[in-house]
Amino acid sequence: MAAWALLALAPVAAGAMLGFASYYGDHMVLQKEPAGAVVWGYGEPGAAVTVALSGDGGVIVMKKTARVKGPSGTWTTVLDPMDQGGPYALTAGQGSENVTLRDVYFGDVWLCSGQSNMAMTVLQIANASQELAAAARYPYVRVFAAAPARSEVELEDLERIDLPWSIPTAENLGHGNFTYFSAVCWLLGRYLYEALRYPIGLVEAAWGGTPIEAWSSRRALRVCGLPEDAGSISSHPHLSGPQTPSVLWNAMIHPLLNMTLRGVAWYQGEANAFLHTDRYNCTFPALIADWRWAFHAGSAGQTEPLLPFGFVQNPDDSFARLRWHQTADLGVVPNARMPGTFMAVAMDLCDEHSPYGSIHPRDKQNVAHRLHLGARAVAYGEKDLVFQGPYPTRAVLEVTRGLLNLTYSQELVCRQRDTRAFEVCCSNQSSPCGWLPAPVVVAESRTVTLALTGCGTLVLGLRYAWAEWPCEYESCALYNSWGLPAPPFLMDALPVGESPGLSKTAGERELLLLPGSWISRGI
């Protein structure tokens, strides 16, 4: 493998040697129609490079010509949009030199990035032996892993590769702990393949113990008013990976910008429980917007501007504020600040006894299943597919009885009547908030009734699943009938006067539920 990587990267130094960029190779998947796949590489400055795509029997189905630019010594071309399928051979020719990549397929290409929960390999997860044994059944889900690398400047190509494009095997899916291949990425691709039935290409670029600032470009950091210089972040003892702003963007994401993508999966945030936590409601939307712009521009407009972006809401303890900030403080996605996104709620997939620490739960199958539902709904536009759990849409306060009735968006399944699942803010001051438990009295098909013991009629806010450890494994309070958990929320509760259809004598008052703003300061 090392020899392959050196061979692939040699043109960077030589400048004149004909070759493809590092992340093109045998067995790769290129993005299918309606986009055109971008292909680039190295050659003699000023020379013409002919790129030919051939099918069975060597029949050429497409030919492109590109000029090698100086002084970078690079050439780039965009293939015509291709239907899903293969295999094809892709040849670059310059004078008498030729380089050919074989067993190339067209399908959908997904980039998987983040920190250690994305880097956890198939070897480390629940039922690992069965998952590894199943790899041989999915030869059209192809995998590629960039090696962890950092740089103070933006690189044009990857410095190192951990896993060149490969057909999945037990060996390359379970190479070791936190190496390759990403379990969440693999399972997401596998589930998408089972739904779509055409090739899927998976690109892993992850590094454990890294904050979002390291994955953000300087442009994105400026949006949030964060310093861009290397000395701006002091080393945090809880974080094992690089913390310097932009160094992972520079070395692991910027080199991939020419790649035509179908979507991104992101599993990160644990590091930001210790670093700039309350900036995450800016840094995360800013990263998404910046990556979208950069991949669209880098692929000559082939990667769509609203690149679908899925992420995992962190399951771990001590992350209540971070989970909220992952949605830009709006509770659910997609939303106005985060269009074209989807989220896998994972707070109920905790793993207190994980040998890798409770911060690394082993159930990645449910994580990937929930993520793939979001991808099918948001990225692929599957209608009527339920991909997220129930969320409250209405609240009515029964003043005389001291009850709060919540109406939800979906049919409810109540698994636990946890006395602290719901909490109400009963303070008569904006901050700090006096949060008291609001036990579930009645749970019906779409409504939950909460007792406001000790709160009286002054309800200023409501929150759900806001504990450091929200619930035990698959045992949160509320789910829908598809087994998807209700996400955590933080709401301001504002009285709106008498509600239409409510009798004044009933002592009922409707509350307007708004994503937590001033109340959230007292969380």
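This section describes strand pairing, aromatic contacts, a buried acidic residue and unusual backbone geometry in a predicted model.

Strands were examined beginning with the N-terminal part of the chain. An open sheet is formed by 3 strands in the order β1-β3-β6, with antiparallel pairing. The edges are occupied by β1 (19-20) and β6 (74-78), each of which has a single partner strand, so one side of each is left without a neighbour in the sheet. Strand β3 (residues 38-42) runs antiparallel to β6 and is joined to β6 by 5 bridges. Within this pairing, Val38 stands opposite Val78 in β6.

Strand β7 (residues 85-94) is mostly covered, with 8 of its 10 residues buried. Strand β4 (residues 48-54) runs antiparallel to β7, and the two are joined by 5 bridges. In this pairing Ala52 is placed opposite Thr91 of β7. Strand β7 also pairs with strand β8 (residues 97-114), again in the antiparallel sense, over 7 bridges. Here Tyr88 of β7 faces a residue of β8, as Tyr88 stands opposite Val104. The two strands β7 and β8 constitute a hairpin with 2 residues between them. In the turn, Gly95 adopts a positive phi of about 60 degrees. A further backbone feature is found in β7 itself: Pro87 is placed in this strand, and the peptide bond from Gly86 to Pro87 is cis, with omega near 5 degrees.

A second open sheet comprises 9 strands in the order β19-β18-β22-β24-β25-β15-β16-β21-β20, with antiparallel pairing. Its edge strands are β19 (435-437) and β20 (440-443), each of which pairs on one side only. From one strand to the next, the twist averages 25 degrees. Within the sheet, strand β18 (residues 422-425) and strand β22 (residues 461-464) are paired over 4 bridges in the antiparallel sense. Glu423 stands opposite Arg463 of β22 in this pairing.

The side chain of Asp157 was considered separately. Asp157 is located in the loop between β9 (141-146) and β10 (161-166). Asp157 is buried yet takes part in no salt bridge. Arg160, the nearest side chain of opposite charge, is 12 Å away, whereas a salt bridge requires a separation within 4 Å. Polar contacts are nevertheless present: the side chains of Asp157 and Ser22 are joined by a contact of 2.5 Å, and those of Asp157 and Tyr42 by a contact of 2.8 Å.

Aromatic pairs number 27 in the model. One of them is formed by Tyr138 and Trp186, whose arrangement is edge-to-face, with 6.1 Å from centre to centre and 85 degrees between the planes. Tyr138 lies in the loop between α3 (128-133) and β9, and Trp186 in helix α5 (residues 183-196), so the pair ties together parts that are 48 residues apart in sequence. Tyr138 counts as buried at 8% relative accessibility, and Trp186 is likewise buried, with a relative accessible area of 0%. In another pair, the ring centres of Phe284 and Phe309 are 6.0 Å apart and the planes stand at 70 degrees, so this pair is also edge-to-face. Phe284 in helix α9 (residues 280-298) and Phe309 in strand β13 (residues 309-313) are 25 residues apart, and their pair links distant parts of the chain. Both Phe284 and Phe309 are buried. These two residues belong to one aromatic cluster, which is formed by Trp215, Trp266, Tyr280, Phe284, Trp291, Phe295, Phe309 and Phe311.

Further backbone features occur in loops. A cis peptide bond joins Tyr180 and Phe181, with omega at about 10 degrees; Phe181 is situated in the loop between α4 (170-173) and α5. Positive phi values are also found at two alanine residues, Ala300 and Ala328. Ala300, in the loop between α9 and β13, has phi near 55 degrees. Ala328, in the loop between α10 (320-325) and β14 (341-345), has phi of about 60 degrees. Their surroundings differ in accessibility: Ala300 is exposed, with a relative accessible area of 53%, whereas Ala328 counts as buried at 3% relative accessibility.

Methods:
Residues numbered from 1 in each chain as written. Predicted model: local features only at pLDDT ≥ 70, side-chain atom pairs only at ≥ 80, totals over all residues. Heavy atoms only, no water. Buried < 20%, exposed > 50% of the residue type's maximum accessible area, 1.4 Å probe, protein only. Pairing = 2+ DSSP bridges. Lys, Arg positive; Asp, Glu negative; His and termini not counted. Polar contact = N/O pair within 3.5 Å; in protein donor to acceptor, adjacent residues only side chain to side chain. Axes fitted to C-alpha atoms, helices over the stretch in contact; angles between N-to-C directions. Phe/Tyr/Trp six-rings, centres within 6.5 Å; stacked < 30°, edge-to-face > 60°.
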